[in-house]
Amino acid sequence: MDLSIVNELDVIEHDPAVGDRHGTYVRELFASWAPLASEQVIRDAQRVLRP
């Protein structure tokens, strides 16, 4: 789970337009995955995906 999230965050950090287009979906998806992911990865996702 962590690796999938980190890979997507990497894409968004390198191309912010991806986050602009898909940010809402990705935030909701990662929130649903939060119980399975490490706390640090979820914190990183929240930082990168700030609305």
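**Core packing and salt bridges**

Leaving aside neighbours within four places in sequence, isoleucine 5 is in contact with Phe30, Trp33, Ala37, Val41, Ile42 and Ala45. This picture comes from a predicted model, and the confidence scores are a helpful place to start. The mean pLDDT of the chain is 95, and 100% of the residues reach at least 70. Confidence is highest in helix H1 (residues 2-14), with a mean of 97, and lowest in helix H2 (residues 16-33), where the mean is 95.

Ile5 also belongs to the largest nonpolar core, a set of twelve residues. Its other members are Leu9, Ile12, Val18, Val26, Phe30, Ala37, Val41, Ile42, Ala45, Val48 and Leu49. At least two residues of this core are supplied by each of H1, H2 and helix H3 (39-48). H3 gives the largest share, four residues.

It is worth following H3 a little further. Val41, Ile42, Ala45 and Val48 are buried in this helix. When H3 is viewed down its axis, the buried residues fall within an arc of 130 degrees, so they line one face of the helix. An α-helix has 3.6 residues a turn, so residues three or four places apart point the same way. The buried residues of H3 pack against H1 and H2, whereas Glu39 and Gln46, on the other side of H3, are exposed.

Turning to charged side chains, the structure holds two salt bridges. One of them joins glutamate 13 to arginine 47, with 3.5 Å between the closest N and O atoms. Because glutamate 13 lies in helix H1 and arginine 47 in helix H3, this pair ties together parts that are 34 residues apart in sequence. Glutamate 13 counts as partly exposed, at 45% relative accessibility, and arginine 47 also counts as partly exposed, at 45%.

A salt bridge is also formed by glutamate 39 with arginine 43, where the closest N and O atoms are 3.8 Å apart. Here both residues lie in helix H3, four residues apart, which is about one turn of the helix. Glutamate 39, with a relative accessibility of 63%, counts as exposed; arginine 43 has a relative accessible area of 43% and is partly exposed.

Taken together, H3 brings both themes into view: its buried residues pack against H1 and H2, arginine 47 in H3 pairs with glutamate 13 in H1, and glutamate 39 and arginine 43 both lie within H3.

How values were computed
Residues numbered from 1 in each chain as written. Predicted model: local features only at pLDDT ≥ 70, side-chain atom pairs only at ≥ 80, totals over all residues. Heavy atoms only, no water. pLDDT = per-residue confidence, 0-100. Core = buried A, V, L, I, M, F, W, Y, C linked by side-chain atoms within 4.5 Å. Buried < 20%, exposed > 50% of the residue type's maximum accessible area, 1.4 Å probe, protein only. Contact = heavy atoms within 4.5 Å. Arc of directions from axis to C-beta. Salt bridge = Lys/Arg side-chain N within 4 Å of Asp/Glu carboxyl O.
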